[in-house]
Amino acid sequence: MSKFLEVENLNVSFPTEDGLVQATNEVSYSVGLGETLAIVGESGSGKSVSNLAVMGLHNAGSTNISGHAWLDLPSGRVDLISAKPEELRALRGKEMAMIFQDPMSALHPFFTVGKQIAEAWHLHNTGSKRAGLARAVEMLDLVGIPDASKRVNDFPHQFSGGMRQRVMIAMSLINNPSLLIADEPTTALDVTVQSQILQLIKDLQKEFNMAVIMITHDLGVVAEVADRVCVMYAGKIVETGGIDDIFYQSVHPYTRGLLASLPRLEQSSLGHRLLAIPGTPPSLINLPNGCSFAPRCAFAEHVGSGLCTSTTPKLELKREDQWARCHLGASDVSRISQLQIGATING
Ligand SMILES: Nc1ncnc2c1ncn2[C@@H]1O[C@H](COP(=O)(O)OP(=O)(O)OP(=O)(O)O)[C@@H](O)[C@H]1O
Ligand code: SF4
Ligand SMILES: [Mg+2]
């Protein structure tokens with residue numbers, strides 16, 4: 001199936017006084033229309049940096065970017081990485097949009113939400129002020145703001161956090177983009193509101209057949225929305241596959257560690273210890289050879305010849321449509337996991 005967005009071997013690095021920060025390293029992922037891809041990983045793993053590159057939002061003067069990000073438009077495929085700034089401006093908002101954790105950073109405090117949403121429409125449409133405002137009301141209504149024709153005249157601070165995120169979604173989707181990148185859109189919200197916003201994104205995706213990339217550090221969010229998942233660690237994709245494969249038969253020890261740190265009823269009742277993965281991710285400056293996860297990996301001792309610290313694993317097919325960057329095979333990981341669970345219960 002042709003994908004609406006195909007990111008291929010994306011490298012993003014930042015020259016700094018301390019050295020070159022390799023924020024993403026040979027990152028590839030894709031998402032089709034109507035599909036949701038979740039990108040999950042700890043803080044600093046490169047989730048935002050890779051998607052800001054797709055949107056063309058990095059400062060060109062202080063960022064090195066290579067690779068491709070193909071957008072499959074009716075007029076032909078466009079590579080967002082080599083596109084000119086004016087081409088990207090024409091595509092942003094119209095074909096692709098991004099929402100962030102903090103809507104306040106994207107909304108101007110001195111202008112009404114109606115004016116700001118209408119402005120996003122005017123960027124890509126010719127029409128009167130009145131038409132823009134009417135479209136803003138329509139969008140506010142669509143995203144579930146009660147009494148939209150009145151609220152359109154309110155300022156951002158007059159909305160709650162959840163309602164502000166709805167306003168942001170209305171603004172992002174006013175020109176019917178086919179790709180929505182949501183970067184931790186619900187992290188700042190309480191659990192009930194979080195769930196409502198995720199449901200809203202799902203409903204809108206269905207209605208407009210959008211491709212959605214959901215960036216999150218929260219596997220609960222992944223479970224709620226994703227069709228496919230990419231797990232990132234230290235700038236690389238370490239595992240990718242369908243939602244069920246990732247949740248029920250993950251291959252990479254890092255993914256297994258993330259899942260084990262999720263509080264689950266059946267695990268707690270068995271008395272398993274629920275721990276965050278010990279240790280911290282490595283510095284992204286001068287990453288040594290070998291697997292970046294090796295210093296934290298409870299499986300490395302089962303790999304012979306010091307391979308984990310000497311040789312960087314490649315992203316390999318481990319099961320049908322499931323790829324992982326680990327020297328171990330899928331059956332090795334399952335077997336070692338069983339041994340470890342046995343040791344925990346007996347110990
Ligand atoms: N402008 C920059 N200059 C130098 N380093 C940067 C810059 N922007 C990002 N980085 C570094 O790139 C790495 C990846 O950052 P990124 O923002 O993509 O992480 P993330 O996975 O989105 O994390 P979080 O969950 O905290 O948002 C981090 O180590 C970050 O410090
Ligand atoms: S390659 Fe080695 S260190 Fe890396 S995840 Fe696999 S077992 Fe662990
Ligand atoms: Mg981020």
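In what order do the 4 strands of the open sheet stand, and is their pairing parallel or antiparallel? The points below begin with that sheet and then turn to its surroundings, the two ligands and the chain as a whole.

1. The model under discussion is predicted. Its open sheet of 4 strands follows the order β2-β1-β4-β5, and the pairing is antiparallel. The edges are taken by β2 (19–31) and β5 (76–79), each of which has a single partner strand, so one side of each is left without a neighbour in the sheet. On average, and with direction ignored, neighbouring strands of this sheet are turned by 20 degrees against each other.

2. At the β5 edge, strand β4 (residues 64–73) is joined to β5 by 4 bridges, and the two run antiparallel. Within this pairing, tryptophan 70 has aspartate 79 in β5 as its bridge partner.

3. Helix α1 (residues 47–55) lies across β1, β2 and β4, and its direction makes an angle of about 110 degrees with β1. The same helix takes part in the surroundings of ligand 1, where α1 gives the most to the shell, with 3 residues.

4. Ligand 1 is surrounded by 14 residues, of which the closest are Phe14, Ala23, Ser43, Ser48 and Val49. Two or more residues of this shell come from each of β1, β2 and α1, and α1 and β1 are also elements that meet where the helix lies across the strands. By class, the shell around ligand 1 holds 5 nonpolar, 8 polar and 1 charged residues.

5. Ligand 2 is likewise surrounded by 14 residues, and here the closest are Cys291, Ala294, Cys297, Cys308 and Cys326. The shell around ligand 2 divides into 12 nonpolar residues, 2 polar residues and no charged ones; a reader weighing the two sites should set this beside the 5 nonpolar, 8 polar and 1 charged residues around ligand 1.

6. Helix α3 (residues 113–122) is mostly covered, since 7 of its 10 residues are buried. These buried residues are Val113, Gly114, Gln116, Ile117, Ala118, Ala120 and Trp121, and they pack against α4 (129–142) and α6 (161–173).

7. Two backbone values deserve a check by eye. Most residues other than glycine have a negative phi. Asparagine 9, however, has a positive phi near 50 degrees; its place is in strand β1 (residues 5–16), and asparagine 9 is partly exposed, with 13 other C-beta atoms within 10 Å. Asparagine 176 also has a positive phi, of about 50 degrees, although it is not a glycine; asparagine 176 is found in the loop between α6 and β7 (179–183) and is exposed, with 12 other C-beta atoms within 10 Å.

8. Taken as a whole, the protein chain contains 13 helices and 12 strands. Its radius of gyration is 22 Å, close to the 20 Å that the globule rule gives for 347 residues, so the chain is as compact as a globular protein of that length. The C-alpha trace spans about 70 × 45 × 40 Å along its principal axes.

9. Buried residues make up 40% of the 347 residues in the protein chain. Among the contacts with a separation of 6 or more, 64% are accounted for by residues 24 or more positions apart.

Definitions and conventions. Residues numbered from 1 in each chain as written. Chains lettered and ligands numbered in written order. Predicted model: local features only at pLDDT ≥ 70, side-chain atom pairs only at ≥ 80, totals over all residues. Near = placed C-beta within 6 Å. Nonpolar A, V, L, I, M, F, W, Y, C, P; charged D, E, K, R; others polar. Rg over C-alpha atoms; globule rule 2.2 N^0.38 Å. Buried ≥ 20, exposed ≤ 12 C-beta atoms within 10 Å, placed from the backbone. Contact = placed C-beta atoms within 7 Å. Pairing = 2+ DSSP bridges. Axes fitted to C-alpha atoms, helices over the stretch in contact; angles between N-to-C directions.
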